Protein chains: 2
Amino acid sequence: MSYPPPVEELVEAFEALPGIGRVSAERLTFHVLRDARSGGSLRDALARCLAEARRCVECGNVSEGDLCPVCSDDERDATTIAVVEEPRHVESLERAGVFSGRYHVLMGALNPADGTEERHLSIGALVERVRKGGVTEVILATDPDKEGEATALLVLEALESAGLPDLRVTRLARGLPAGSAIEYLHKGVLEDALEDRRQVRRR
Amino acid sequence: MSYPPPVEELVEAFEALPGIGRVSAERLTFHVLRDARSGGSLRDALARCLAEARRCVECGNVSEGDLCPVCSDDERDATTIAVVEEPRHVESLERAGVFSGRYHVLMGALNPADGTEERHLSIGALVERVRKGGVTEVILATDPDKEGEATALLVLEALESAGLPDLRVTRLARGLPAGSAIEYLHKGVLEDALEDRRQVRRR
């Protein structure tokens, strides 16, 4: 005994999404079957998003027009590009108001578990962008976790093999998060903080 | 700064599904944005499932026709109905080949966390079915967890308030799972096994 084709197909379509296993996919499908309204909203939102959502032709962020607000703002420093994983990381940095350069949004991080591979990430577009000239520094601003590290390495390698001898590539600093208490921080944080310690008195 | 409307709408439609929070909904949306094929499959599968998927008019299980294979099989004992949460529970019992009666599929279990309420479950249809006559026993076969227990109680109450003085209502036995080892079983299992112990020698 198995599900009728339209049901099985929906289970499989859910299961193909990152982070959704067979059991969750079945749960979502049964939810749609018993509450058609939520399924209808999702269907319509998907159709609209696939038809209308755009990505900034410059940085790859989600955008309403060809260019996102950051890329169309001439006051932003175009010599420095921060490479982030997702649109929400742009949002975080913008909210903090600590960065005046441009972004490049990869739209994910390498993650074999959820099926995100190199081809899904807009690394080629970044290399093209830097090749066009005018960029002096690329800041790797991926998450400080396993996926983010692997992604940063991939971006670094792509920039290395593109030549670009004058390009500076940096990554965000690691260490104690401001406002925290050392007793609550885990090993990895303390390790980074020791490793990257800064000299404060020259002798 | 926030997402353009078609993107935000899709995030919200994902977020409205059970078990998907804001962060997962954003991840899923970005996945669709960078891999339009998976989004297209989901959109089409949703459209097809919403248009074509049917539920058995008798038991509520997913079905290709008006009646599911079990309900259209005259050899199945129509006097006994096992009430299960989801189609896959029917599948499990059928695979085990241990039950020859009919089913009633509620399509979920009470779960405030994922928004499943009484109105989502086909309890009224069960009561109607029993009222039509011919059913002598209803077996509550929901999961032995918090949600399943709450659901079984709800079904029991609905059957109680429907009158039906001759109807027997039972639930699946609790105890040691066959093939297990007592040392690995948790408190709840052992508690049930002691509580429902059976006399093996009359004295």
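Two strands are said to pair if DSSP finds at least two bridges between them. The exercises below apply this and similar criteria to a predicted model.

**Exercise 1. The sheet of chain A**

Task: Determine in which sense β5 and β6 of chain A pair, and over how many bridges.

Solution.
Step 1. Strand β5 of chain A covers residues 137-140, and four bridges connect this strand with β6(A). At least two bridges are needed for a pair, so the criterion is met by β5 and β6 of chain A.
Step 2. The sense of this pairing is parallel. One example of a bridge joins E137(A) to R168(A), the latter in β6(A).
Step 3. The pair belongs to an open sheet of four strands in chain A, ordered β4-β3-β5-β6 with parallel pairing. Because β4 (101-105) and β6 (168-171) each have a single partner strand, they form the edges, and one side of each has no neighbour in the sheet. From one strand to the next, the twist averages 25 degrees.

In general, the strands of a sheet pair through backbone hydrogen bonds.

**Exercise 2. Helices across the sheet**

Task: State which strands helix α5 of chain A lies across, and which strands helix α6 of chain A lies across.

Solution.
Step 1. Helix α5(A), residues 123-131, lies across β3 (77-84), β4 and β5 of chain A. Its direction is at about 150 degrees to β4(A).
Step 2. Helix α6(A), residues 146-161, lies across β3, β5 and β6 of chain A. Here the angle to β5(A) is about 160 degrees.

**Exercise 3. The relation between the chains**

Task: Identify what kind of axis relates chain B to chain A.

Solution.
Step 1. A turn of 179 degrees, with a shift of 0.0 Å along the axis, lays chain B on chain A with an RMSD of 0.1 Å.
Step 2. This is the relation of a two-fold axis. In chain B, R43(B) has the C-alpha nearest the axis, at 2.6 Å.
Step 3. Each chain contributes 55 residues to the contact. Since 100% of the interface residues of chain B are also interface residues in chain A, the copies meet through the same surface.
Step 4. About 5,400 Å² is buried between the two chains, and carbon and sulfur atoms give 71% of this area.
Step 5. Helix α1 (residues 5-15) of chain A has buried residues including V7(A), L10(A), V11(A) and F14(A). The buried residues of α1(A) pack against α2 and α3 of chain A, and also against α3 (36-52) and β2 of chain B.

**Exercise 4. A salt bridge between chains**

Task: Explain why the salt bridge of R88(B) and E26(A) joins two chains, and decide whether each residue is buried or exposed.

Solution.
Step 1. The side chains of R88(B) and E26(A) have an N to O distance of 2.7 Å. The cut-off for a salt bridge is 4 Å, so this pair qualifies.
Step 2. R88(B) is in helix α4 (residues 87-96) of chain B, whereas E26(A) is in helix α2 (residues 22-34) of chain A; the pair therefore joins two chains.
Step 3. Buried means under 20% relative accessible area. R88(B), at 16%, is buried, and E26(A), at 7%, is buried as well.
Step 4. Both residues belong to a network of salt bridges, whose members also include E8(A), E15(A), R22(A), R27(A) and E86(B).
Step 5. Six salt bridges are counted between chain B and chain A. Another salt bridge links R27(B) with E86(A), at 3.2 Å.

**Exercise 5. Salt bridges within a chain**

Task: Describe where the partners lie in the salt bridges R48(A)–E52(A) and R129(B)–E58(B).

Solution.
Step 1. In the bridge between R48(A) and E52(A), the closest N and O atoms are 2.9 Å apart. The two residues are four apart in helix α3 (residues 36-52) of chain A, so about one helical turn separates them.
Step 2. R48(A) is partly exposed at 28%, and E52(A) is partly exposed at 41%.
Step 3. R129(B) and E58(B) form a salt bridge at 3.5 Å. This pair links distant parts of the chain, 71 residues apart: R129(B) is in helix α5 (residues 123-131) of chain B, and E58(B) is in the loop between β1 (54-55) and β2 (62-63) of chain B.
Step 4. R129(B) is buried at 7%, while E58(B) is partly exposed at 28%.

Terms used
Residues numbered from 1 in each chain as written. Chains lettered and ligands numbered in written order. Predicted model: local features only at pLDDT ≥ 70, side-chain atom pairs only at ≥ 80, totals over all residues. Heavy atoms only, no water. Buried < 20%, exposed > 50% of the residue type's maximum accessible area, 1.4 Å probe, protein only. Axes fitted to C-alpha atoms, helices over the stretch in contact; angles between N-to-C directions. Contact = heavy atoms within 4.5 Å. Least-squares fit on C-alpha atoms with pLDDT ≥ 70 in both. Buried area = accessible area lost by both parts, 1.4 Å probe.
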